[in-house]
Number of protein chains: 2
Amino acid sequence: MTQTKRYTSPTLTAFVEQLFEKAGADTEVAQVVTRVLLEGELLGHRTHGLNLVSRYIDGMLSGQVKARAETLEQVSDSGISSLFDGHYVLGPYCVSRALDSAAKGATAQGIGIAVVRRAAHIGCLAAYLKPFTDRGLIAMVYSSDPSVGVVCAHGGIDPIYTPNPIAAGIPTRGAPILLDVSMSTVTLALVGQCRDAGSNLPHPVLMSNEGQVSDAPADFFSTPPGSILPLGGQTFGHKGFALAILVEALTSGLAGHGRKDGPEQWGASATTVVIDPRFFGGLEAFTDETSFLSKLILGSRAVDPQRPVRLPGQAGLKLREQALDEGVGLSQKVLDDLNQTAAQLQLPALT
Amino acid sequence: MTQTKRYTSPTLTAFVEQLFEKAGADTEVAQVVTRVLLEGELLGHRTHGLNLVSRYIDGMLSGQVKARAETLEQVSDSGISSLFDGHYVLGPYCVSRALDSAAKGATAQGIGIAVVRRAAHIGCLAAYLKPFTDRGLIAMVYSSDPSVGVVCAHGGIDPIYTPNPIAAGIPTRGAPILLDVSMSTVTLALVGQCRDAGSNLPHPVLMSNEGQVSDAPADFFSTPPGSILPLGGQTFGHKGFALAILVEALTSGLAGHGRKDGPEQWGASATTVVIDPRFFGGLEAFTDETSFLSKLILGSRAVDPQRPVRLPGQAGLKLREQALDEGVGLSQKVLDDLNQTAAQLQLPALT
């Protein structure tokens, strides 16, 4: 993949914020969305980073995606628990506001939860967590999309639900543990990438519409469509399947807006939970424990000595540090897309 | 397995409660523990049902396990969040009290959480959930045991942590969805059962102490010991591994008592979270959504037409209904153990 020259994080931030604002976003929304997408890019989530800017702005310009802070509606609030209706506002803004609301509950009474329905695309869940772990809080995000069905039930053939990721940021004495895992074997994005590259998947994790396990993208992109196996695959898929149902319940179930409503527009149900360890055994005991566990894990012998055991998020945080030090290189395609969007909005290109 | 005649649920309840009381438990503790163990039995969890009664009472008689309600200490309480120190009180009593505390928070403000450290063995997590789903609440239980390490890190060899189950009860318009899944491929109990039966595991989910994947229990019960692969196995084990770390953080991390303390006595860290859908999109919208999802799942075509797709907990709830209708048959071994315990306590046998 061709890489561009490296840009500083403030340069990219200013450029992308300006794009969002010119396209009609409030300053606050532009700032929050830019921060989340840049964070995804820094953590190395290239499919959920700055490549999304042009797509998000296309959505705004077509009118499908909203970008005013006031459009995000707080439907209920107990002080600890709240529900937001995103009305298809840019997802990173919806989820960030939900996390802030959950964190308020957590710092007041130990735990807070905020649910969002109808958020526009919410990007990379891992990109939301560090601001909370930096404050000594555990932050969790669950999401599903009731307008999409691509994963099958355990033992079933038909596609029913989304990969339904669970993400969490866990403070330690050092770098946080950042996990972000789907309850399916693979994501839809990977299946699409393999199709585009003309290759099979690395493992047989697809189910054809006739009930055959397959590694061929064509067996997924068929009519009727195939599906993706739950985490655990054919043998232990009852576990990924059960956890995915839990994610559906915590997101679309609590949101009061889900598959029963047959939504046609892509839109996430997202649930955020924040916990403050100070209300339990204390922050010090908590980070002592998570640091001790981290040390046990990192000290464990590797099956392949060339690939030492790592903590979730460790590789991403290293890329992030490097990018902050040396600047962020974009793929040529992302830069071209950004500059095309800039031209469309009559703004100067990023050079 | 030889089955005894069938006993009614009230007969078994009265018999087991009497055993616990005679062995020194408070009435309240005896009642709660009996209810949870019988519920495990009814749901078909034969390894986490009434077979545990004699083991629990042995623990009480040896002095390791406590059975007075007042020994369970509430360390903190914000109204929504609380921490208990079980001081090795019978686990089902500790977890039930924690769930009650979390449910109080949930019905007051939408969500409640209670963490327990040093609970004695807590039995079958699925057995705690139905009283809460019957009230229209989502109930979740996470657990780990910081004195035990049997599962390896993804890509690692050495055993580090426990299978770390996640359980949840989800209300629908009909029977609840009850899930209870470990974040490892298999549980320690299964590895032990295979060893005792002289058989290999059905799948290669063990890691020998030399880093070879294996299906032979001998590769686990070796010196130094082998380990169990995380959920997801060799290919997708980073997901089960990440979720297991989250469970460690939510249980032993919040409890302020974990692996860092090097506990030697078997004792669970358990975290309970209860959510009331009425504070979000409403109970009706919630159960409409979970029922709709259930219908989609149950209506999906099965890979093997002889094995229709099922919801988590469905098989157990069917066994439960049957047992309540027709009585509960015990294995001859469980009956013998119960009666030996009764004799030891100078109580009449169950006939």
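# Working through a predicted two-chain model

Asp85(A), Arg117(A) and Arg118(A) are linked in a network of salt bridges (a side-chain nitrogen of Lys or Arg within 4 Å of a carboxyl oxygen of Asp or Glu). This is a predicted model, where local features need pLDDT of at least 70, side-chain atom pairs count only at pLDDT 80 or more, and totals for chains, interfaces and linings use all residues. Residues are numbered from 1 along each chain as its sequence is written, chains are lettered from A and ligands numbered from 1 in the order in which they are written, and side-chain values use heavy atoms, with hydrogens and water left out.

## Exercise 1: a charged pair in chain A

Find out what Arg118(A) and Asp85(A) tie together.

Step 1. Check the distance: the closest N and O atoms of Arg118(A) and Asp85(A) are 2.6 Å apart, and the pair forms a salt bridge.

Step 2. Place the partners. Arg118(A) sits in strand β4 and Asp85(A) in strand β3 of chain A, so the pair joins parts 33 residues apart in sequence. Strands here are DSSP runs of E with at least two residues, helices are runs of H or I with at least four, and both are numbered from the N terminus.

Step 3. Look at accessibility. Asp85(A) is buried at 1% relative accessible area, while Arg118(A) is partly exposed at 24%. The cut-offs are under 20% for buried, over 50% for exposed, and in between for partly exposed (1.4 Å probe, protein chains only).

Step 4. Try another pair. Asp276(A) and Arg278(A) form a salt bridge too, with the closest N and O atoms 2.7 Å apart. Asp276(A) is buried at 3%, and Arg278(A) is partly exposed at 44%.

Step 5. Put these pairs in context: the count over all chains is 28 salt bridges.

## Exercise 2: where the chains meet

Describe the interface between chain A and chain B.

Step 1. Count residues. 81 residues of chain A are in contact with 81 residues of chain B, contact meaning heavy atoms within 4.5 Å.

Step 2. Get the area. The two chains bury about 6,800 Å² between them, with 74% of it on carbon and sulfur atoms. That's the accessible area (1.4 Å probe) that two parts lose on being put together, summed over both. In chain A, Phe280(A), Glu289(A) and Arg301(A) lose the most area to chain B, together 10% of what that side buries.

Step 3. Go through the polar side. There are 2 salt bridges between chain A and chain B. Arg301(B) pairs with Asp158(A), with the closest N and O atoms 2.8 Å apart. Asp158(B) and Arg301(A) meet in a salt bridge as well (2.8 Å, N to O). This pair runs from the loop between β6 (151-152) and β7 (159-161) of chain B, home of Asp158(B), to the loop between α8 and α9 (314-326) of chain A, home of Arg301(A). Arg301(A) is partly exposed at 39%.

Step 4. Add the polar contacts: 27 residue pairs cross the interface (both at pLDDT 80 or more). A polar contact is a pair of N or O atoms within 3.5 Å; within protein, one must be able to donate a hydrogen and the other to accept it, and residues adjacent in sequence count only if both atoms are side-chain atoms.

Step 5. Name the contributors. Elements of chain A that each supply at least two residues include β4 (111-119), α7 (233-255) and α8 (283-298). α7(A) gives the most, with 16 residues.

## Exercise 3: packing inside chain B

Work out what the buried residues of α1(B) pack against.

Step 1. List the buried residues: Ser9(B), Leu12(B), Phe15(B), Val16(B), Glu17(B), Leu19(B) and Phe20(B).

Step 2. Find their partners in chain B: β1 (3-7), α2 (27-42), α3 (52-62), α9, β14 (328-331) and α10 (332-344).

Step 3. Look just past the helix, where Gly24(B) takes a positive phi of about 120°.

Step 4. Visit one of those partners. Arg320(B) lies in helix α9 (residues 314-326) of chain B and counts as buried at 18% relative accessibility. The side chain of Arg320(B) makes a polar contact with the side chain of Glu39(B) (2.8 Å). Leaving aside neighbours within four places in sequence, Arg320(B) is in contact with Glu39(B), Leu42(B), Leu43(B) and Lys130(B).
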